[in-house]
Amino acid sequence: MCRNIRTLHNFEPPATTAEVEAAALQYVRKISGAARPSQANREAFDRAVAEIAHVTRHLLDELVTTAPPKDRAVEAAKARARAQERYAR
């Protein structure tokens, strides 16, 4: 998985529209191989981002779990600690 795409399921508060759209954009960039599409491909690129964001929102709304929701601040602190350890070497 692309490192910039983060898990969006089972967080409190739930993933925002901006987070879902950012993940969709990263996904489309990854599979298309283009960070910025050409003018000729812009419409298809933007449409793909919108459709993937839409489907992602539906998926997140339908997923169920018995695990307690994760706290964004706690998960961010864990990620920072892992990064600090990784880059301290």
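This is a short selection-by-selection tour of a predicted model.

**Stop 1: helix H1**

Start by selecting residues 17-32, which form helix H1. How far apart are the end C-alpha atoms of H1? They lie 22 Å apart, and because 16 residues at 1.5 Å a residue should span 22 Å, the two values agree. Now colour Val20, Ala23, Ala24, Gln26 and Val28, the buried residues of H1. These buried residues pack against H2, so bring helix H2, residues 42-62, into view as well. Before you leave, step just past the end of H1 to glycine 33, where phi is positive, about 75 degrees.

**Stop 2: the largest nonpolar core**

Next, show the side chains of Ile5, Leu8, Ala15, Val20, Ala23, Ala24, Val28, Phe45, Val49, Ala53 and Leu60. Together these 11 residues make up the largest nonpolar core. Which elements give two or more residues to this core? They are H1 and H2. A background remark fits here: in soluble globular proteins, nonpolar side chains tend to be buried together.

**Stop 3: leucine 60 and alanine 15**

Stay with the core and centre on leucine 60, which sits in helix H2. Is leucine 60 buried or exposed? Its relative accessible area is 15%, which is under the 20% cut-off, so leucine 60 counts as buried. Leaving out residues up to four places away in sequence, leucine 60 touches Leu8, His9, Ala15 and Val20. Draw a distance from leucine 60 to leucine 8: the two are 52 residues apart in sequence, yet their C-alpha atoms are 7.6 Å apart in space.

Then move to alanine 15, one of the residues that leucine 60 touches. With the same residues up to four places away left out, the contacts of alanine 15 are Leu8, Val20, Arg57, Leu60 and Arg72.

**Stop 4: the second largest pocket**

Now turn on a surface and select Ile5, Arg6, Thr7, Leu8, His9, Ala23, Ala24, Tyr27, Ile52, Thr56, Leu59 and Leu60, the lining of the second largest pocket. Helices H1 and H2 are the elements that give two or more residues to this lining. The largest share, four residues, comes from H2. Colour the lining by residue type and you will find eight nonpolar residues, three polar and one charged. The volume of this pocket is about 200 Å³.

**Stop 5: backbone details around strand S1**

Select asparagine 10, in the segment before S1. What is special about phi here? It is near 70 degrees, a positive value in a residue other than glycine. Asparagine 10 is also buried, since its relative accessible area is 16%, under the 20% cut-off.

Go on to the bond between glutamate 12 and proline 13, which is a cis peptide bond with omega about 0 degrees. Proline 13 belongs to the loop between strand S1, residues 11-12, and H1.

**Stop 6: out to threonine 66**

For the last selection, pick threonine 66, in the loop between H2 and strand S2, residues 70-71. Threonine 66 is exposed, because its relative accessible area of 85% is over the 50% cut-off. Finally, draw a line from threonine 66 to glutamine 39: they are 27 residues apart in sequence, and 46 Å separates their C-alpha atoms in space.

Definitions and conventions
Residues numbered from 1 in each chain as written. Predicted model: local features only at pLDDT ≥ 70, side-chain atom pairs only at ≥ 80, totals over all residues. Heavy atoms only, no water. 1 Å grid on protein atoms, 1.4 Å probe; cavity = no way out; pocket = protein on both sides within 12 Å on 5 of 7 lines; lining within 4 Å. Points joined across faces, edges and corners; volume = space filled by probe spheres on them. Nonpolar A, V, L, I, M, F, W, Y, C, P; charged D, E, K, R; others polar. Core = buried A, V, L, I, M, F, W, Y, C linked by side-chain atoms within 4.5 Å. Buried < 20%, exposed > 50% of the residue type's maximum accessible area, 1.4 Å probe, protein only. Contact = heavy atoms within 4.5 Å. Expected span 1.5 Å × (residues − 1).
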